[in-house]
Amino acid sequence: MLDHSKILKHIQSTSDQKSLKTIIKNAREQGAAEVEEAAFRKLISIVPEAEPGTVEHDFWTTVHAFEFALSEERGRTTKLTRTRQKVTRVGVMDTLEDWAFGKQTTGFDMLVERGMPELTGEAIVVRHSSKFSDEVVAAARQRLAAVGHNLE
C-alpha cells in the first residue's frame, strides 16, 4: 500500500477547489480511495458563505456535496436549482424542516446510496437538534433509522 501521508497533509492545508478536484480525479483513476475521500470531504467543506459548525454551513456543505456528486456522475456542472430557489424563498431552517417532514427525497436516497447519510438534511437536523422542534427531530431520526443510520 502506498503512503499517502504527504498528499493527505496537502489536502488538509489547502482551500484551492480546483486543486482538490484534480486530486479527486487523479485519486479515482489510481484507485486511491482514501485520498479521493479526503479530497472530496475537504472540497465540500469549503463553504465561504457560512460559519463552520452552524446549521447553514452543514446545509451548504450538503448542497455542495450533492452538486459535486451529480456533476461527476453526469459529466457536466449540475446545480440544485430548486433547492437554492427554495432557500431564497423560505430559508435554510424551513427547507430542512420540510425535508424532515415531507416525502423522502431523491437527494436523501442518493446520499444514502453513496454512503453519505451524515450529509442528508435529516442528519443536519439531528446534529443541530436544539435548533428544531422535537417533532422535526423525531421525523428526521425516524427517516435515518429506516435506512439503518443512527447518529447517536
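Helix 4 has 20 residues, which at 1.5 Å a residue should span 28 Å. The expected span takes 1.5 Å times one less than the number of residues. In this predicted model, the end C-alpha atoms of helix 4 are 28 Å apart, so the expected and modelled spans agree. The helix covers residues 55-74. Glycine 75 follows helix 4, and its phi is positive, near 75°.

Now look at how helix 4 is covered. Of its 20 residues, 16 are buried, so the helix is mostly covered by the cut-off of under 20% relative accessible area.

The next step is the core. The largest nonpolar core holds 41 residues. Within this core, Phe59 and Leu96 touch the most other members. Several helices supply at least two residues each: helix 1 (5-13), helix 2 (17-30), helix 3, helix 4, helix 6 (92-101), helix 7 (106-113), helix 8 (121-127) and helix 9 (134-146). Helix 4 gives the largest share of this core, eight residues.

Turn to leucine 96. Setting aside neighbours within four places in sequence, leucine 96 is in contact with Val55 and Phe59. Its other contacts on that basis are Gly121, Ile124, Val125 and Phe132.

Finally, take glutamate 36. This residue is found in helix 3, which runs over residues 33-45. Beyond its neighbours within four places in sequence, glutamate 36 is in contact with Ile24, Ala27 and Arg28. Threonine 120 lies 84 residues from glutamate 36 in sequence. In space, the two are 20 Å apart, C-alpha to C-alpha.

Methods: Residues are numbered from 1 along each chain as its sequence is written. This is a predicted model: local features need pLDDT of at least 70, side-chain atom pairs count only at pLDDT 80 or more; totals for chains, interfaces and linings use all residues. Side-chain values use heavy atoms; hydrogens and water are left out. Helices (H or I, at least four residues) and strands (E, at least two) are DSSP runs, numbered from the N terminus. Contact means heavy atoms within 4.5 Å. A nonpolar core is a set of buried Ala, Val, Leu, Ile, Met, Phe, Trp, Tyr and Cys residues joined through side-chain atoms within 4.5 Å. Buried means under 20% relative accessible area, exposed over 50%, partly exposed in between (1.4 Å probe, protein chains only).
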